[in-house]
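Visitor: I am new to this structure and would like to learn how to read it. Could you take me through it, one feature after another?

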Amino acid sequence: KRQMADFTVRYGATHEATIKARAKMNELQNSMNDEVQRILEGARSDFAIAQIKEQNLQKELADLSERSIQAREGRVQLTQLESASATVKTIRDTFMSRYVDGIQKQSFPMTEIRILTNAKVPTLRSFPKATKVFGGSLALGLGAGCLMAVAREAFSRRLRFRRQVETALGVPCLGFLPNVARAEPAALHPRGLRAAIGGFGLETLRSTKVRIDLRRQDRPVVIGVVSAAIGEGKSVVASSLAQLCAQSGAPTILVDANIRHPSLSDLLASGREAGLAEVVAQTAPIAAALRPTREPGLFFLPCFGKAAPDQPGAMLTAETLRFLFESLKTQYQYVVVELPAIGAVADAGAVADLIDGFLMVVQWDHTQTYTLDDAVRSNPEIRDKLVGSVMNRADLKRLVELGESSVVHSAAYHG
């Protein structure tokens, strides 16, 4: 419009440029009117469609409202019917209960009864039957006893078999030794070693000696005999092993280093004047402390003389003890040393560097698994030098019944 007004002022209303501008303006105006008309028609169509959709939605909403009302009414009717049903059921149960009571309370007419024989007092009781009660009690007690025995065997932690000891120690279990009276150790038995421990025990000691010989390789050897707890029979095992070594023709000495519990010295040298403690303290020569035994080639060195030392542990750590063992190895092929229990005191661990190999004594059906595990775990220096183990005070007949393969296979040879 501004351009047309400008052309009219500048050229006049009849000028060609003014006429063209006016025609162009009219054309644009018509286009705009057409576009507005088209948009208006589209809006009217959309409005009509929206009205139709609104009507449909209102109709559906009305249907849903009607259905909801019907559902609520149906739910109310269902609740009323359930309540009526429960009431009827209660009434029926009450009437049935009263009917049963009435039937039970009715008096039936009694027919005429004729006594055929008079009742007699029974001479024997009909229940309970003594024989049945006794048999049942016996069977029940036997079953309970068997069950308890099986449970005890299954949950027992006592060491009975070679595989149990080998698992705990990691070294071979060399066999079983029968129970020997403590007051009569093998080295004192007048008829020799076989009479004391039997043929089976002798084979166990021979297996032990073979194991030691493989380690010593024709050189003098110091063997320490230890156990996990006190009272497992180290004294008998040590004396029997020393006697077997002496019987092979090799000079052997048995040393009692268990100063805290000198049972071996009390049995083999009751009237001693000097012992290992005096030799280590250099208050007595070794010749005065040595004691011969009935076995040729076997000598015994008791732990101390008349009085025990005030500090037993200090004696085992003395430097003179090392010199003594080195001196004994120049005179004897086998030096068998009984040491205190490794689970009770640390004496055996203190002399571990002086010992070439340790033999673990385990009391059969007495030593607990955890006792042996704890003792070995707390003494690694002894565990690393273990030659093997033997199970002492074993019941060979019981082992045959339990199925220990080594005992079963050897029973034919040794009885």
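**Reading the pocket, the sheet and the core**

Guide: Let us begin with the largest pocket, which in this predicted model is lined by 20 residues, with Ile230, Gly231, Lys234, Asn258 and His261 lying nearest its centre. Its volume is about 270 Å³.

Visitor: Which helices supply at least two residues each to the lining of the largest pocket, and which gives the most?

Guide: Helix H6 (234-247) and helix H7 (263-268) each supply at least two residues of that lining, and H6 gives the most, with 3 residues. Sorted by class, the lining of the largest pocket holds 8 nonpolar, 6 polar and 6 charged residues.

Visitor: How should I read the sheet, and in what order do the strands stand?

Guide: A general idea helps here: in a regular strand the side chains alternate between the two faces of the sheet. In this structure 8 strands form an open sheet in the order S1-S8-S7-S2-S6-S3-S5-S4, and the pairing is mixed. Because S1 and strand S4 (291-292) each have a single partner strand, they stand at the edges, and one side of each is left without a neighbour in the sheet.

Visitor: Which strands are joined to S8, and by how many bridges?

Guide: Strand S1 (residues 173-178) runs parallel to S8 and is joined to it by 3 bridges, one bridge pair being Cys173 with Ser389 in S8. Strand S7 (residues 357-363) also runs parallel to S8, here with 6 bridges, and Phe358 has Leu386 in S8 as its bridge partner. Strand S8 itself (residues 386-394) is mostly covered, since 8 of its 9 residues are buried.

Visitor: In what sense do S2 and S6 pair?

Guide: Strand S2 (residues 221-227) and strand S6 (residues 334-338) pair in the parallel sense over 5 bridges, and the bridge partner of Ile223 in S6 is Val336.

Visitor: What should I look for in the largest nonpolar core, and which members touch the most others?

Guide: In soluble globular proteins, nonpolar side chains tend to be buried together. The largest nonpolar core here has 54 residues, of which Leu276, Leu321, Leu324, Phe325, Met360 and Leu372 touch the most other members. Apart from that core lies another, of 33 residues, among them Val180, Ile212, Leu254 and Val361.

Visitor: What is Met360 in contact with, once its neighbours within four places in sequence are left aside?

Guide: With those neighbours left aside, Met360 is in contact with residues including Leu169, Val226, Ile342, Leu372 and Val376, and also with Leu386, Gly388, Ser389 and Val390.

Note on methods
Residues numbered from 1 in each chain as written. Predicted model: local features only at pLDDT ≥ 70, side-chain atom pairs only at ≥ 80, totals over all residues. Heavy atoms only, no water. Core = buried A, V, L, I, M, F, W, Y, C linked by side-chain atoms within 4.5 Å. Buried < 20%, exposed > 50% of the residue type's maximum accessible area, 1.4 Å probe, protein only. Contact = heavy atoms within 4.5 Å. Helix = DSSP H or I, 4+ residues; strand = E, 2+ residues; numbered from the N terminus. Pairing = 2+ DSSP bridges. 1 Å grid on protein atoms, 1.4 Å probe; cavity = no way out; pocket = protein on both sides within 12 Å on 5 of 7 lines; lining within 4 Å. Points joined across faces, edges and corners; volume = space filled by probe spheres on them. Nonpolar A, V, L, I, M, F, W, Y, C, P; charged D, E, K, R; others polar.
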